[in-house]
Amino acid sequence: MASPAGHLRPGRYLAFFILIIVALYSLVFFTGDGKPTPKLGIDLQGGTRVTLTARTPDGGTPTRESLDQARQIIETRVNGIGVSGAKVVLDGNNVVITVPGEQGDQAKNLGKTAKLGFRKVVQAVPVTPAAPSVVPPASPSPTPGASSSSPPPSTTPPAGGGAPGAASAQQPPSTTPPPSSTPAPPPATPDGSIDERAAQEIQAAQAIRQNPALIPANPSDQAATALAGQALQQAMESITCAPGAVDPLVGNDDPKKPLVTCDTKGTEKFLLEPEFMPGTDISTASSTYDTQRGGFVVNLSFNSAGTKTWGEFTSANQGQRAAFVLDTEVVSAPNIQVAILDGNTQISGSFTQAEAKNLADVLKYGSLPLSFTSSDATTVSATLGLASLQAGLIAGAIGLGVVFIYCLIYYRLLGLLTILSLGLSFSLVYAVLVLIGRGIGYTLDLSGVAGLIIAIGITADSFVIYFERLKDEIREGRSFRSAVPRGWVRARRTILASDGVSFLAAAILFWLAVGEVKGFAFTLGMSTVLDLVVVYLVTHPLVAMVSKSKSKILSNPKYLGLGAVQDLSTSRKAAKPAVGATVKEA
C-alpha cells in the first residue's frame, strides 16, 4: 500500500509492478502449451453447449454424489467424441456440456440414461491374468476348484462383523474407463434425435455383434455351431479394443440379444449371453477395506427380485464369470465361486481404494440412474463465433476510446497517465486470463467480455476519484506537490469502498447465478481486484513522480487539467484580504 505522506518512493512500486508483469508473461510464453491466448467459449469460437437438468427416478432432487457420478459417466462419453477442449461441469442440478468445433451436435445425445446390466460370459479373449472372484460375505471358504490365481483366503471372519471369504485375483477389473477409450455415442441432429447415418451404423453393429447365431440354441447341432464360430470371428474382428476407438453401439445394445464387446480398458474381448438381470435390481453397493485379508473390496446387495435371480444364476454357474455391463462396456467380470442365495455379494481383487470406490459407484448409480432432460441446447457456428469475438473487441475498443478522449480533454497530462494505467491494467488482465484458462480451464465467453468492458469504467472511476480529490486539495490552497499525498490518503478510502462494493456484488452474482452469467461475474470481480493493483502500484506512483518533477510542463497545473482549479483558489485568496479591509473601514 502506498505511503500517505511524502516518503513515497514511486520507483519501487513501479519496479514491483514490472516484476509482476514479467513473471506473468514468463508463465504465459514459457509454460503450458505456449499459446499466448485465452481459452474462448463456444460463443466466441463456435461449438455446442448443452444444459442437462438431472432428476431422480421419482422426480426428486439428486444428491451431490449422484450428480458427480453422472458427470463422470457423461464426461467419458464426451471424451469419446475425440474433440479436444470438451468440458463437462456441474452447475447446480444441471450438467453443462460444452464441445467446441463442428462435432458438437453429438453432445446433444449424451444425456441418455446409463444402462447397467448383468450378462453371463460365454467366451473371453483375455490380455490380463485371471479374473477377480465373487463370493458371498458369509461364505467360510471358497468352493473347491474355483478359479483363483492367489492362495485361498482365511476363513476367519474379519473384525467388526465384516464379510469373510473372498479370493483375490492378480489383476483387478477395470473400474474407471480412460476418457480417451470410451466410445462415442451416435451423432445427433440439431433437435437431439439420432440421424439416419448413425442409425444405420447402429443397425450394422447390432447385426454383427448381437447376431442371435453367435450362441447356438442346440450346442450339439454341428451346422449351428460352425455358423456361430464364423459369426463370432466376424464380430471379434469388427471391434477394436483400443484407446480412441469409436463404438456406434455404445448405450444402444439390445439386452435381449447376445453381445460381443470389450472391457473398459480394452484388455479383453467378450462374447456375452443376453442380459439375465438389469442393474436396477441392485439395492446398495459400497467399497470397504478388508481388515482380515487386506485389500479393498466391493460389497453389493440386491432387492428381492434381484436376490432371487442372482441366487439362481450363481447356483447354476459356479466357476463361470458374470459380466457387469455399463453402456455396452464390461466394467467388471468376476468369477462366481459359490452360490449366493441371500444377495449379499463381495467382489475382491487387487483393487486400490480409488478403483474399489469407482466400481461401487458404477454399480450403485448405474443401477439407480438419474434421468436428464435437455433444458437448453445452443449451437454456434465458427463464423458466428468469430463475428461475436470481433463485435466484443470493437465494443471494448470503442469504450476505451471514449474514456481516452474524455480523460485527455478533461485531465490533459493526467489523462495520459490514465491511458497508460488502463493499458497496463489490460496487460495484467490479459495475462491472468491466459493463465487461469490453463490452470482451472476458465473459458472467456461473451458474458465475460461484457464484464471486462464494464470493468473499464470501474478502473477509470478509480482515477476520477483520485484526480477529483486532488482538485479538492488544490481548491483549499495547496500546491499540486503537496496535494498529491494528502489527496491520495482521502481518495484511497473511497476507491477501496467503491471497489469493495463492486467485488461484493460480483461475488454474490457468481454464487447465485447459473450458466453464462457466472462468466460475467467472474471477469467483473477479477478486474475489480486487479484495478486496485494498478491504482496502488502504477497510477499513484506515476502521479507522485509528476508532482515532484522539475519540468515546467509536468509541474504546470494548466497542463494537468488543474489550472482552472488553481486560478479559482488564487482568486479566493486574493478576495479574502479585500473583504477584511472593507469590514475594517466600515
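1. In this predicted model, a good place to begin is the contact between two helices, in which L414, L417, L420, S421, L424, S425, L428, V429, V432, L433 and I436 of α9 meet F522, M526, S527, L530, V533, V534, V538, T539, L542, V543 and V546 of α12. Sorted by class, the residues of this contact of α9 with α12 are 18 nonpolar and 4 polar, with no charged residues.

2. As to the geometry of that pair, helix α12 spans residues 517-547, and its axis and the axis of α9 come within 9 Å and cross at roughly 140 degrees. Angles over 145 degrees count as roughly antiparallel and those of 65 to 115 as roughly perpendicular, and α9 and α12 are therefore oblique to each other. The crossing in which α9 passes α12 is right-handed.

3. Helix α9, which covers residues 413-439, also has a crossing with helix α10, residues 446-475, where the two axes come within 11 Å and the angle is roughly 140 degrees. With that angle, α9 and α10 are therefore oblique to each other, and their crossing is right-handed.

4. The residues of α9 that meet α10 are L414, T418, S421, L422, S425, V429 and L433, and their partners in α10 are L452, I456, T459, A460, F463 and F467. By class, this contact of α9 with α10 has 9 nonpolar and 4 polar residues, and no charged residues. A reader following individual side chains may note that L414, S421, S425, V429 and L433 are among the α9 residues that meet α10, and that these residues are also among those that meet α12.

5. The second largest pocket holds about 600 Å³ of space and is lined by 24 residues, of which L393, F426, V429, L433 and L452 lie nearest its centre. The elements that give two or more residues to this lining are α8 (382-411), α9 and α10. Which of them gives the most to the lining of the second largest pocket? That element is α9, with 7 residues. By class, the lining of the second largest pocket divides into 17 nonpolar and 7 polar residues, with no charged ones.

6. A last point concerns Y25, which is found in helix α1, residues 10-30. Leaving aside residues up to four places away in sequence, Y25 touches S427, Y430 and A431, and these three residues fall within the span of α9, residues 413-439. Y25 and P36 are 11 residues apart in sequence, and from C-alpha to C-alpha they are 8.6 Å apart in space.

Notes:
Residues numbered from 1 in each chain as written. Predicted model: local features only at pLDDT ≥ 70, side-chain atom pairs only at ≥ 80, totals over all residues. Heavy atoms only, no water. Axes fitted to C-alpha atoms, helices over the stretch in contact; angles between N-to-C directions. Helix = DSSP H or I, 4+ residues; strand = E, 2+ residues; numbered from the N terminus. Parallel < 35°, antiparallel > 145°, perpendicular 65-115°, else oblique. Left-handed = near helix turned anticlockwise from the far one by under 90°. Contact = heavy atoms within 4.5 Å. Nonpolar A, V, L, I, M, F, W, Y, C, P; charged D, E, K, R; others polar. 1 Å grid on protein atoms, 1.4 Å probe; cavity = no way out; pocket = protein on both sides within 12 Å on 5 of 7 lines; lining within 4 Å. Points joined across faces, edges and corners; volume = space filled by probe spheres on them.
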